[in-house]
Amino acid sequence: MLPTAVKFAPSILACDFTRLGTETEAVSSAEYLHIDVMDGLFVPNISFGLPILEAVRRSRDALGAGQLLDVHLMIERPERYLEAFAAAGADSLSVHVEATPHVHRCVQTIHELGRRAGVVLNPGTALETLRPLLEGVDLVLIMSVNPGFGGQSFLPQTYERVRTVRRWLDDLGSPAELQVDGGVTAAHVRPLAEAGASVLVAGSSVFGPGGGAAGLERLRAALR
Ligand code: DX5
Ligand code: ZN
């Protein structure tokens with residue numbers, strides 16, 4: 001029996017953008033859809049922004065899927081755009097602790113906007129940074145690669161970081177999700193679940209050969 005129920009968050013960064021509607025529909029049974037926003041400043045890559053989120057939101061609403069749109073903001077000073085991303089359809093908004101001196105205020109703003117608030121840590125950021133934030137957040141995201149690109153290799157030190165944060169959340173009695181993002185393949189699913197992760201983000205290993213539905217099923221199968 002695993003310590004936590006594990007949910008999946010396919011990352012649309014790995015989609016074929018000419019077929020975005022079809023690709024996201026194929027994974028509509030996943031609990032979350034992960035939307036990676038990159039500004040070319042906080043990370044050395046530019047992905048997409050508000051219009052893509054609006055389009056995904058429209059297609060999700062048309063499908064009637066109960067899936068949550070989980071927006072991962074890899075942008076400098078995310079406080080400038082929280083309202084816009086909430087209006088564009090985000091159900092949850094996650095901000096990097098490295099991207100602003102006002103991460104606590106960001107969490108407050110996200111809650112005022114009626115959305116779930118997440119905080120994200122890069123692999124090189126001390127876990128202690130999380131401590132003052134833990135009580136107020138709905139989601140903690142531990143990066144298992146340096147953010148900016150899909151298709152990188154999973155960093156094994158992530159397991160220990162996940163175990164530590166799981167312990168802190170349990171000690172607080174916090175129901176916050178513990179998410180892991182970057183390089184997650186079927187081989188990592190069970191060990192991450194055992195370490196206490198509750199949401200696994202995956203791009204390349206979902207939207208690879210065979211399509212998203214098959215990719216998601218391969219990850220789910222690793223739990224059985
Ligand atoms: C990396 C992004 C990830 C990425 C994951 O900066 O935050 O969400 O899309 O993609 P894979 O699973 O290919 O590492
Ligand atoms: Zn991400």
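Guide: A polar contact is a pair of N or O atoms within 3.5 Å; within protein, one must be able to donate a hydrogen and the other to accept it, and residues adjacent in sequence count only if both atoms are side-chain atoms. The model is predicted, so local features need pLDDT of at least 70 and side-chain atom pairs pLDDT 80 or more, whereas totals for chains, interfaces and linings use all residues. Residues are numbered from 1 along each chain as written, chains are lettered from A and ligands numbered from 1 in the order written, and side-chain values use heavy atoms, without hydrogens and water.

Visitor: What makes the pair of G203 and ligand 1 a polar contact?
Guide: A polar backbone atom of G203 is 2.8 Å from an oxygen atom of ligand 1, which is within 3.5 Å, so the pair counts. The side chain of D36 has an N or O atom 2.7 Å from a ligand oxygen, and for the side chain of H72 the distance is 3.3 Å. The protein covers 99% of the 380 Å² of accessible area that ligand 1 has on its own (Shrake-Rupley method, 1.4 Å probe).

Visitor: Which residues surround ligand 1 most closely?
Guide: The shell has 20 residues, and the closest are D36, G148, D181, G183 and S204. A residue belongs to it if one of its heavy atoms lies within 4 Å of the ligand. Eight of the shell residues are nonpolar, 10 polar and two charged; Asp, Glu, Lys and Arg count as charged, and Gly is among the polar ones.

Visitor: Which elements give two or more residues to this shell?
Guide: Ligand 1 sits in the largest pocket, and the elements in question are β2 (32-38), β3 (68-74) and β8 (199-202). β2 gives the most, with three residues. Strands are DSSP runs of E with at least two residues, and helices are runs of H or I with at least four.

Visitor: Why is T100 called buried?
Guide: Buried means under 20% relative accessible area, exposed over 50%, and partly exposed in between (1.4 Å probe, protein chains only). T100 has 7%, so T100 is buried. T100 lies in the loop between β4 (92-96) and α4 (103-112). Its side chain makes a polar contact with the side chain of E79 at 3.1 Å and reaches the backbone nitrogen of H102 at 2.9 Å.

Visitor: How do you know whether V189 is buried or exposed?
Guide: The relative accessible area of V189 is 0%, under the limit, so V189 is buried. V189 belongs to helix α6 (residues 186-195). Its C-alpha atom is 22 Å from that of S94, 95 residues away along the chain.

Visitor: Why is R163 called partly exposed?
Guide: Its value is 40%, between the two limits, so the label follows. R163 is in helix α5 (residues 158-172), and its side chain makes a polar contact with that of E160 (3.1 Å). The C-alpha atoms of R163 and L192 are 8.9 Å apart, with the two residues 29 apart along the chain.

Visitor: Where does R77 lie, and what is notable about its phi?
Guide: R77 is in the loop between β3 and α3 (82-87). Its phi is near 50°, a positive value in a residue other than glycine. At 36%, R77 falls between the limits and therefore counts as partly exposed.

Visitor: What makes G150 exposed?
Guide: G150 has 53% relative accessibility, over the limit, so G150 counts as exposed. G150 lies in the loop between β6 (139-143) and α5. From G150 to P209, 59 residues apart in sequence, the C-alpha distance is 15 Å.

Technical notes: 1 Å grid on protein atoms, 1.4 Å probe; cavity = no way out; pocket = protein on both sides within 12 Å on 5 of 7 lines; lining within 4 Å. Sits in = over half its atoms within 2 Å of the grid points.
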